[in-house]
Amino acid sequence: MTDPFDQPLNRENTCSVKFDARKAVFGREDVIPVWVADMDFAVPEAITRALSERAAHPAYGYTLFPDSLLDSITDWFRERHGWEIQREWLLMAPGVVPSLHAACMAYADPGEGVIVQPPVYPPFFSSVRLSGRAVIENPLMCDEETGYYRMDLEHLEACAARPDARLLMLCSPHNPVGRIWSKQELEAVLDIARRHDLVIISDEIHCDLTFSDKPHHHMLATLAGPDDALITAIAPSKSFNIPGLGLSALVIADREQRDAMKAVFDSMHLPQCNPFSIAGFEAGYRDGAPWLNDLMAYLQKNRDFVVEAVTARLPGIQTLAPEGTYLMWLDCRNLGLDDAALKRFFVQDAGVGMNPGLSFGEQGSGFMRLNIGCPKAVLADVLQRIESALQGNLRITD
Ligand SMILES: Cc1ncc(COP(=O)(O)O)c(C=O)c1O
């Protein structure tokens, strides 16, 4: 029997950024799109069913967030992550990225500092800059032998000690380097934040995308104490491949901190949502677990396939199996190309559309991010194209 995740899914002409924006982003339509973080898999049937049922009722008016939705969240996190969330701690938000922006506005004044740990998901920078706050960088440390990243806790302490530092944005698991932070690392972060009165926003959108052969993901809140200033951003959007539905939740135990965030959203009239996100979100958390388990087993095979192929067949490129997420971080520095030439090589010579590492901060120079959330046959094609381009290569010159 064929694995359902092997089934090709034609996403062209569905207003998909990943497929339909190729010309605009890469300058050509024929690149294999393995960039933006959504997957080329059909969602769990329970979600499609819930959306169809909702669509069949021809009233699409303004919505509220039903208790059943909030219960689906608390049940999921209790069962899957051992985290007991009180219903009143929840604040629904239109997405995790809007929540990063709102956190800057709620917890730092204009000009004050927000700590980010690059290379990191680009909105970690843009949310700070666009809201008129200042980025304080605590770059991750890369072990050059193994390619394994760690947090620089000593430097984090120095950043936190700055008088203008207010907020720390944690990406956990980390996009793009795929780390699942250890309990010790997370406890050290909490400790630093406590000592320097920092608020932490922990973006745990990838918390369900973890591999069975890698360390356990700890929700930061399960290690925190009642007085820690902690905001957790969660969503089923990555877990069940429904990011286009646009909904997420914030978990904020402290009333004042919750009110501060709510005030920002209210000031823009953003708490509203739509009937479809509510239906899809709840169906994922209620009935998506078996699909998610199968997905992770499939992604694990994709991950190992890529590691093996890169190591054996792509000289000049190195990669390490991520501990979580469906994103892989390819170290292409040994190809000896600058970032513009690297991008040209992958797009023009190989016909592969990945995210350039530089968009994750200057620490990403010489890297590319590969999305492995697609049928294995697509990855085989990607790897074959890169291998052929490398063999006929050095058509690339500056
Ligand atoms: C770390 C991280 N946070 C947030 C998002 C996007 O969140 P949303 O679509 O809810 O705004 C992504 C998407 O790739 C991500 O990787």
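This is a guided tour of one structure, moving from the ligand to the spaces in the protein and then to some details of the backbone. The model is predicted, and the stops below can be selected one after another in the viewer.

**First stop: the ligand and its shell**

Select the ligand, and then add the residues that surround it, which are A37, G95, V96, V97, P98, Y121, C171, N175, D203, I205, H206 and K238. If these residues are coloured by class, the shell shows seven nonpolar, three polar and two charged residues. Which helix gives the most to this shell? It is helix α5, covering residues 96-107, which contributes three residues to the shell around the ligand.

**Second stop: polar atoms facing the ligand**

Keep the ligand in view and show the backbone of V96, where a polar backbone atom is 2.7 Å from an oxygen atom of the ligand. Moving on to V97, a polar backbone atom of this residue is 2.9 Å from an oxygen atom of the ligand. Now show the side chain of D203, one of whose polar atoms lies 2.5 Å from a nitrogen atom of the ligand. How much of the ligand does the protein bury? Taken alone the ligand exposes 400 Å², and the protein buries 89% of that.

**Third stop: the largest pocket**

Hide the ligand for a moment and look at the space that it takes, which is the largest pocket. This pocket holds about 900 Å³ of space, and its lining is made up of 44 residues. To find the middle of the largest pocket, select A37, D38, I242, P243 and G244, which are the lining residues nearest its centre. Next, select the helices α1 (17-20), α3 (45-56) and α5, each of which supplies at least two residues of the lining of the largest pocket. Coloured by class, that lining divides into 26 nonpolar, 12 polar and six charged residues.

**Fourth stop: a cavity**

The structure also holds one cavity of 30 Å³ or more, and the volume of the largest cavity is about 40 Å³. To locate the largest cavity, select P236, S237, I242, L245, G246, L247, S277 and F281, which line it. In this lining there are five nonpolar residues, three polar residues and no charged ones. I242 belongs to the lining of the largest cavity and is also among the residues nearest the centre of the largest pocket.

**Last stop: the backbone**

Most residues other than glycine have a negative phi, and most peptide bonds are trans. With that in mind, where are the cis peptide bonds to look for? One runs from P118 to P119, with omega near 5°, and P119 is found in the loop between β3 (113-116) and α6 (123-130). Another runs from S172 to P173, with omega near -5°, and P173 lies in the loop between β7 (165-171) and α8 (183-195). Finally, select N13 in the segment before α1, where this residue, although not a glycine, has a positive phi of about 60°.

How values were computed: Residues are numbered from 1 along each chain as its sequence is written. This is a predicted model: local features need pLDDT of at least 70, side-chain atom pairs count only at pLDDT 80 or more; totals for chains, interfaces and linings use all residues. Side-chain values use heavy atoms; hydrogens and water are left out. A residue is near a molecule or strand if one of its heavy atoms lies within 4 Å of it. A polar contact is a pair of N or O atoms within 3.5 Å; within protein, one must be able to donate a hydrogen and the other to accept it, and residues adjacent in sequence count only if both atoms are side-chain atoms. Accessible areas come from the Shrake-Rupley method with a 1.4 Å probe; for residues, only the protein chains shown count as cover. On a 1 Å grid over the protein atoms alone, a cavity is a set of points where a 1.4 Å probe fits but cannot get out, and a pocket is an open set with protein on both sides within 12 Å along at least five of seven lines; lining residues have an atom within 4 Å of a point. A molecule sits in a cavity or pocket if more than half of its atoms lie within 2 Å of its grid points. Helices (H or I, at least four residues) and strands (E, at least two) are DSSP runs, numbered from the N terminus. Ala, Val, Leu, Ile, Met, Phe, Trp, Tyr, Cys and Pro count as nonpolar, Asp, Glu, Lys and Arg as charged, and the others, Gly among them, as polar. Grid points are joined across faces, edges and corners, and a volume is the space filled by probe spheres set on the points.
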